[in-house]
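This report describes how protein and DNA meet in the model shown below. Please keep the structure in view while reading.

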Number of protein chains: 2
Amino acid sequence: MALSKLPAAAMEQTMRLLGTGPAADLAIRQAAWVARCVGRGEAAPLGRADVDALAATLRTRTYERGAVLFRGGDAADGVWIVQRGRVELSVGAGRRRSVVYVLQPGDVDGDIQHLLDMPLTYTARALDEVTVLSLDAAAFEKLLAEHPQIARRWLSSVAQRLATSQSRIVGLLGRSLTEQVARLLLDEAVDGEVPLPQRTLAAMLGVQRPSLNKILKEFERAGLIEVRYAAIGLRDPAKLLTTAG
Amino acid sequence: MALSKLPAAAMEQTMRLLGTGPAADLAIRQAAWVARCVGRGEAAPLGRADVDALAATLRTRTYERGAVLFRGGDAADGVWIVQRGRVELSVGAGRRRSVVYVLQPGDVDGDIQHLLDMPLTYTARALDEVTVLSLDAAAFEKLLAEHPQIARRWLSSVAQRLATSQSRIVGLLGRSLTEQVARLLLDEAVDGEVPLPQRTLAAMLGVQRPSLNKILKEFERAGLIEVRYAAIGLRDPAKLLTTAG
DNA sequence: CGAAGTGTGTCACCTCGCTGACACTCGACG
DNA sequence: CGTCGAGTGTCAGCGAGGTGACACACTTCG
């Protein structure tokens with residue numbers, strides 16, 4: 001899922017670059033933004049035709065905080081990109097709940113399930129008020145077939161997610177919880193802050209909240225972080241990085 | 001990395017299907033096999049031209065048991081596919097060694113690093129005598145650019161690996177070691193056998209060998225498996241599956 | 001303002017898996 | 001056929017992290 005955690009500013013910038021006056025269509029700007037999300041374009045720049053093709057097929061949907069976008073076991077409903085807000089992907093419930101990933105603006109999901117023709121294996125829940133751009137399955141397939149540049153980019157995007165996923169596995173194997181927590185905080189930070197409750201962070205590591213809390217308080221005493229309500233501020237990212245190993 | 005764990009028989013079959021008499025080139029048969037490895041072709045069947053293009057660029061290399069194919073930090077030397085034998089991908093050394101993956105015949109690697117222009121993050125070591133087919137970076141890029149069907153297939157292949165990687169993360173989070181071991185054995189079994197020493201299996205789960213050994217002996221007492229020298233035989237896969245949760 | 005819901009801090013107890021060690025067994029190879 | 005390296009079986013002690021519980025703080029919304 002993780003792809004590029006573009007700050008909102010990047011979107012604005014992209015929009016400005018592409019905006020050609022009042023007539024510039026919102027859909028085209030959205031499509032250009034999606035193109036940026038789906039892999040960086042060094043190897044495969046998109047042409048105007050590619051962006052237009054994307055724009056023609058995008059739909060916008062909005063969910064309120066706490067809403068469930070889909071549940072594990074559902075068939076994938078095309079491909080979607082988070083434009084605003086965060087979406088939590090989790091497996092299991094109650095005490096056994098594990099958070100597979102937290103999608104940030106710019107992250108893409110649903111493509112894997114479509115490509116492999118498999119059901120969704122996790123449940124998606126909006127952590128904030130969320131806007132997603134979506135693309136139905138047929139349109140996605142058509143895009144890939146008719147726009148080689150888009151297919152090439154999508155390949156980079158999926159490859160990027162695979163690399164992230166593998167480095168997460170390495171992070172989980174044989175590391176102490178302290179190292180894992182330091183790494184998680186660095187990975188999830190946006191503008192020096194991790195705006196997630198401890199319960200969610202604990203579920204991302206597959207540990208219990210008290211265990212996480214203990215480590216967080218140690219970090220706070222050492223001046224590495226600042227524990228706030230439903231959020232954590234990073235005070236010394238460099239030192240946190242050395243702690244992560 | 002895991003893609004399709006094709007038994008040797010599948011390769012033979014593919015070769016037979018494509019063999020057009022004594023003149024059939026070995027390289028073309030190899031290329032057809034690679035094409036099967038890289039995603040199943042429902043959505044994007046390969047044409048004759050695609051297979052020929054693959055064949056033109058393949059090189060064969062052989063490594064003996066224990067040889068190091070590359071070390072973490074090296075630049076990716078193109079894309080390669082395991083044709084025969086197994087290759088262990090690991091991070092760290094000594095007590096901290098973790099096994100990221102064990103490549104089986106048919107598995108592909110090196111493409112991700114090339115696509116993202118990143119160095120290899122793990123060390124590859126031959127577990128048996130190994131033959132790999134390899135493809136240099138320029139040829140790979142050319143293939144993707146000029147053969148949309150291959151690009152489409154490669155996308156499925158990477159997507160498949162991402163799905164595998166994610167399900168491994170779910171397996172690691174919040175599961176008891178017993179469940180993890182059961183799942184690992186099922187995932188790694190080839191013809192009802194897991195031909196790996198306990199030390200390697202332990203490194204795949206990021207645990208110590210005595211911990212793994214204890215669970216294995218419990219499974220053996222329960223009649224689920226049979227512990228052999230540097231190998232484990234599955235006696236009751238169905239029951240093992242229920243143990244995996 | 002005040003209640004309800006959600007998040008945080010902390011504790012005592014207990015289990016699971018790590019540590020380091022040692023004896024034994026298997027298989028390859030000279 | 002004997003030797004050596006690699007793999008396996010097992011143990012006692014220890015520490016990290018899970019469990020369940022409870023008090024308190026923050027926020028939100030009526």
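How far does a polar side-chain atom of A:Gln208 lie from a phosphate oxygen of DNA strand D? In this predicted model, the separation is 3.5 Å. The report treats DNA strand D before turning to DNA strand C.

**DNA strand D**

The surroundings of DNA strand D comprise 19 residues, and the nearest are A:Ser211, B:Gln198, B:Asn213, B:Lys217 and B:Ala230. Of the atoms of DNA strand D that come within 4 Å of the protein, 67% belong to sugar and phosphate. Phosphate oxygens of this strand also have polar partners in chain B. A polar backbone atom of B:Gln198 is 2.8 Å from one phosphate oxygen, and a polar side-chain atom of B:Arg199 is 3.1 Å from a phosphate oxygen. The elements that give two or more residues to the surface near DNA strand D are H9 of chain A and, in chain B, helix H8 (198-205), H9 and strand E10 (225-228). H9(B) supplies the largest share of that surface, with four residues. Sorted by class, the surface near DNA strand D holds nine nonpolar, five polar and five charged residues.

**DNA strand C**

Around DNA strand C there are 19 residues, of which A:Gln198, A:Asn213, A:Lys217, B:Leu177 and B:Ser211 are the closest. Sugar and phosphate make up 67% of the atoms of DNA strand C that come within 4 Å of the protein. A base is involved as well: one of its oxygens is 3.0 Å from an N or O atom in the side chain of A:Arg209. On the phosphate side, the side chain of A:Asn213 places an N or O atom 2.7 Å from a phosphate oxygen, while a polar side-chain atom of B:Gln208 lies 3.5 Å from a phosphate oxygen. Two or more residues each are given to the surface near DNA strand C by helix H8 (198-205), helix H9 (209-221) and strand E10 (225-228) of chain A, and by helix H9 (209-221) of chain B. The largest share, four residues, comes from H9(A). By class, this surface has nine nonpolar, five polar and five charged residues.

**Polar contacts with DNA**

The contacts described above are collected here.

| Residue | Protein atom | DNA atom | Distance |
|---|---|---|---|
| A:Arg209 | side-chain N or O | base oxygen, strand C | 3.0 Å |
| A:Asn213 | side-chain N or O | phosphate oxygen, strand C | 2.7 Å |
| B:Gln208 | polar side-chain atom | phosphate oxygen, strand C | 3.5 Å |
| A:Gln208 | polar side-chain atom | phosphate oxygen, strand D | 3.5 Å |
| B:Gln198 | polar backbone atom | phosphate oxygen, strand D | 2.8 Å |
| B:Arg199 | polar side-chain atom | phosphate oxygen, strand D | 3.1 Å |

Terms used:
Residues are numbered from 1 along each chain as its sequence is written. Chains are lettered from A and ligands numbered from 1 in the order in which they are written. This is a predicted model: local features need pLDDT of at least 70, side-chain atom pairs count only at pLDDT 80 or more; totals for chains, interfaces and linings use all residues. Side-chain values use heavy atoms; hydrogens and water are left out. A residue is near a molecule or strand if one of its heavy atoms lies within 4 Å of it. A polar contact is a pair of N or O atoms within 3.5 Å; within protein, one must be able to donate a hydrogen and the other to accept it, and residues adjacent in sequence count only if both atoms are side-chain atoms. Ala, Val, Leu, Ile, Met, Phe, Trp, Tyr, Cys and Pro count as nonpolar, Asp, Glu, Lys and Arg as charged, and the others, Gly among them, as polar.
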